[in-house]
Amino acid sequence: MPQRALPLAKKIYEGYCTYIETFNTYTRLAPLYFAQRNWIAMQLNQRQRLRLYKDLLFHLITIFQEMLGPDSTNREIWSLIRAEYQLMIQGRPDSELSETFFNSVFRKTFPDNFLDEELMYVQAPEISYDFQENSPLLNTYPAKMGLEPIIRQILEDYDLGAPFMDKEQDIKYLIQGVKDVILSRYQVAEDAKTQILKSVFYRNKAAYLIGRTYVGGKWMPFIIPFLHGPKGIFVDTLIFDPHLMSHLFSFTRSYFMVNVEIPSQVIGFLISVIPHKHIHELYNAIGFNKHGKTLFYRDFLNHLRKTEDQFEIAPGIKGMVMTVFTLPSLNIVFKLIKDHFEPPKNMTRQEVREKYKLVSLHDRVGRMADTHEFEHFKIPLSRVSKELMQELRNTTNSLLKISEDYLIIKHLYTERRLIPLNIYLEACSTEAGKKAVEDYGRAILQLAQANIFPGDMMTKNFGLTRQKRVIFYDYDEIEFLEDMNFREKPIAETYEQIYAAEPWYEIHKNDVFPEDFKRWMIGREDLRPHFLSYHQDLFNPAYWNSLKERIAQGELIHAFPYPEEIRFRPFEQD
């Protein structure tokens, strides 16, 4: 049996090496496409990298099952495979990622995909996220160089592959930004210095430098976004606001394309820059979402051990497609696809899963929540409230299995818990409500610019983050904007048309009449007039069709992850 374990372990290791090498190949293409302004290739490259893990895993599992044969449930041989594999990955700078890859192979090969703490890497390995100030991953600029020479050197060190539009003006903007935020508050001591990760972070049509400045006895993090417009590369702004920096790494945004030689060390630097993010969120942000999922699950298990509250039905209007529950002490919701959908829903469970897959591969533009998909998810029975168990039995019974002291759910999605917008609008002040409905409309339009039509745009399908940013989270009716037909409603002219019980004009499957949105979008009397006035484009078919035309022409409409008013050149094209 030991003789069989070595080639099996080697097969997993070879699969992991192929994955990480191909992942890095896709990542290294991002700077090239940025330099070329090849935004279509940039998007395609991002989707290919997202598909990579599952595609390679599917191929490997087929081979692995053939090699194992009837021994796929043999615990002794799996134990030997893991021991051999552990020797192979020992000393790798990305060992934590290789452990997650082993877990994926085990769960896809072993029947029922159950979690086995003896045979899998379930508990956290000893990974250090301590970041050394003299790390070779950083460029360091001592304050004694002087402010202008430092900024000039930064722009010299980070070659983005194309000429600057106006480098001298960029330098002036950055100098003024540092003076306004840092030098207006702090004295520059001899030990002051600036450090920036050598790796550039790429996403959509932007490139970002992530850095920090030691001044006033503490580190002040910052981010410098670059855009590449028709006239050349330019610095778009300088971000010091921790909330904006956190939002750049949000669960609502696509993953960065960034070269990462030692993942744990890059994560360690990001922790020093954005300290309020969970480690699993940061792994997600740099593209290792499968390991992010592993870390999330470890955090979940630790949370269960430290708490005693019960899982319960999530607050808000119950969905027609999903059953949603939560744990009050955890800011996560768990979503299960129902066994049967009430009319007018007429889709299948597989079609719903395809919608969630679409979102996982698409640019979420800061307006759609990221999800993790789990199979055979275990919850202690003692932690499930009676009301929730009854609801699960009534709506998702085919997904449930009781095993000893656990409720096992065959398939679910986890998602960040948000305040449902409809609930928020019931109790908020008029001023707060105006801001929320403005962002609600803005979210819909930004999704449209990313070629996403949300379908069901009722406020119950949107939520608010802690920063009161509106996020869409109900994906079962989303479609590509380019597939929709936006029409003006025909004007009734005859008596029969005016008083017809049903529409007297022909309506096709994907026809949308934006003027109808006015009837149901916002009901509060103190908010409705403001919303209708603020978002007139929402109700104009010509505006929707103009977006369709731009998308059809291959334009990638950039969604800025920071306010327009902080841009150095607000009207400059990206």
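Trainee: Which residues are buried in α17?

Mentor: This is a predicted model, in which local features need pLDDT of at least 70 and side-chain atom pairs count only at pLDDT 80 or more, while totals for chains, interfaces and linings use all residues. Residues are numbered from 1 along each chain as its sequence is written, and side-chain values use heavy atoms, with hydrogens and water left out. Buried means under 20% relative accessible area, exposed over 50%, and partly exposed in between, with a 1.4 Å probe and protein chains only; in α17, that holds for Pro541, Trp544, Leu547, Lys548 and Ile551. Seen down the axis of α17, the buried residues fall within an arc of 125°, taken from the directions from the helix axis to the C-beta atoms, so they line one face of the helix.

Trainee: What covers the buried residues of α17?

Mentor: Contact means heavy atoms within 4.5 Å, and the cover includes α14 (430–449), β14 (452–453) and β18 (485–486). Helices (H or I, at least four residues) and strands (E, at least two) are DSSP runs, numbered from the N terminus.

Trainee: How many Å should α17 span?

Mentor: The expected span is 1.5 Å times one less than the number of residues; for the 12 residues of α17 (residues 541–552) this gives 16 Å, and the end C-alpha atoms are 16 Å apart, which agrees.

Trainee: Which residue caps the N-terminal end of α17?

Mentor: A polar contact is a pair of N or O atoms within 3.5 Å; within protein, one must be able to donate a hydrogen and the other to accept it, and residues adjacent in sequence count only if both atoms are side-chain atoms. Here asparagine 540 is the cap, with a side-chain oxygen 3.0 Å from the backbone nitrogen of alanine 542. Just after α17, glycine 554 takes a positive phi of about 90°.
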